[in-house]
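Thanks for coming. I will go through one structure today, starting from the inside and working outwards. Please have a look at the sequence and the model first.

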Amino acid sequence: MTTRYAESKVPAARHEWTQLIAATGNISTDRTSQAIACGWARLAIVRIDLTGFTRTDANETLDIFIQTTYNGGVDWADVEHIQRTTAGAALRLVVIGMPQSSATARIETAAALAANTKLDLPLGTHLRVVFDLTDPGGTADTYAVNVEAFLQA
């Protein structure tokens with residue numbers, strides 16, 4: 001007896017993995033990843049692997065902004081803001097999908113969204129990650145990162 005399986009009529013969902021920032025050594029300046037085209041995607045998972053954050057005193061912060069654009073990169077909108085105030089490594093997965101139903105207008109901010117806040121915005125045409133190291137004392141604070149994104153239609 002021969003068993004036959006029907007071929008699926010549902011096409012495989014398009015997906016793509018890309019690296020926004022290759023693994024860095026210790027850096028002590030602000031950094032913006034490359035902007036990747038994602039207008040075709042409905043879902044993004046951004047994997048932020050903070051492999052190290054060194055603070056020399058208690059007032060340094062590392063602010064990480066995940067941003068998208070709705071006008072081809074002229075303006076950038078914060079989707080999520082992760083703020084690190086403790087030294088050491090951390091791994092964060094940020095999911096950006098279709099927005100929740102909401103009748104409230106959102107204020108477009110670029111590197112100004114409140115700390116540890118996420119907006120229910122969909123992906124725009126491009127995606128990027130911004131690292132902002134605030135060091136009021138001017139000491140030698142550093143961080144090291146690796147940032148990847150998984151996109152799915």
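**The core and what surrounds it**

The largest nonpolar core has 29 residues, and those with the most contacts inside it are Ile48, Ile66, Leu127, Phe131 and Tyr143. Which strands supply at least two residues each of this core? They are strand E1 (15–21), strand E4 (43–54), strand E5 (61–69), E6, E7, E9 and E10. In soluble globular proteins, nonpolar side chains tend to be buried together.

I should say early on that this is a predicted model. Please keep that in mind for every distance and angle I quote.

Now the overall layout. The protein chain has 10 strands and 0 helices. Read from the N terminus, its elements go β-β-β-β-β-β-β-β-β-β. Of the 153 residues in the chain, 39% are buried. Take the contacts in the chain with a separation of 6 or more: residues 24 or more positions apart account for 79% of them.

Back to two residues from the core list. How many aromatic pairs does the structure hold? The count is 1. Phe131 and Tyr143 form this pair, and it is stacked, with 5.6 Å from centre to centre and 20° between the planes. The pair links distant parts of the chain, since Phe131 is in strand E9 (residues 126–134) and Tyr143 is in strand E10 (residues 142–152), 12 residues apart. Both Phe131 and Tyr143 are buried. As I said, both also belong to the residues with the most contacts inside the largest nonpolar core.

Next, a polar residue, Thr69. Thr69 is found in strand E5. Is Thr69 buried or exposed? Its relative accessible area is 0%, so Thr69 counts as buried. What does the side chain of Thr69 do there? One polar contact goes to the side chain of Asn71, at 3.1 Å. The side chain of Thr69 also reaches the backbone nitrogen of Gly73, at 2.9 Å. If we leave aside the neighbours within four places in sequence, Thr69 is in contact with Val74, Asp75, Trp76, Gly124, Thr125 and His126.

Now to the charges. Side chains of opposite charge can pair when their charged atoms come close. The structure holds 6 salt bridges. I will take some of them in turn.

Start with Arg14 and Glu16. Their side chains meet in a salt bridge, 3.7 Å from N to O. Arg14 has a relative accessibility of 44%, so Arg14 counts as partly exposed. Glu16 is partly exposed as well, because its relative accessible area is 29%. Arg14 has a second partner: its charged end sits over the ring of Trp40, 3.9 Å from the ring centre.

The next one joins Glu60 and Arg55. In this salt bridge the closest N and O atoms are 4.0 Å apart. What is the relative accessibility of Glu60? It is 0%, so Glu60 counts as buried. Arg55, at 23%, counts as partly exposed; the cut-off for buried is under 20%, which is why Arg55 does not qualify.

Then there is Lys118 with Glu80, whose side chains meet in a salt bridge at 3.9 Å, N to O. This pair links distant parts of the chain: Lys118 is in strand E8 (residues 117–118) and Glu80 is in strand E6 (residues 77–84), 38 residues apart. Lys118 counts as partly exposed because its relative accessibility is 41%. Glu80 has a relative accessible area of 15%, so Glu80 is buried.

Finally for the charges, a network of salt bridges links Arg47, Asp49 and Glu148.

Last topic, the backbone. Two residues deserve a mention, Ala111 and Asn116. Ala111 is not a glycine, yet it has a positive phi of about 60°. Where is Ala111 placed? Ala111 is in the loop between strand E7 (90–96) and E8. Its relative accessible area is 39%, so Ala111 is partly exposed.

Asn116 is not a glycine either, and it has a positive phi of about 55°. Asn116 also lies in the loop between E7 and E8. With a relative accessible area of 55%, Asn116 counts as exposed.

That is where I stop.

Conventions. Residues numbered from 1 in each chain as written. Predicted model: local features only at pLDDT ≥ 70, side-chain atom pairs only at ≥ 80, totals over all residues. Heavy atoms only, no water. Buried < 20%, exposed > 50% of the residue type's maximum accessible area, 1.4 Å probe, protein only. Helix = DSSP H or I, 4+ residues; strand = E, 2+ residues; numbered from the N terminus. Phe/Tyr/Trp six-rings, centres within 6.5 Å; stacked < 30°, edge-to-face > 60°. Lys NZ or Arg CZ within 6 Å of the ring centre and 35° of its normal. Core = buried A, V, L, I, M, F, W, Y, C linked by side-chain atoms within 4.5 Å. Polar contact = N/O pair within 3.5 Å; in protein donor to acceptor, adjacent residues only side chain to side chain. Contact = heavy atoms within 4.5 Å.
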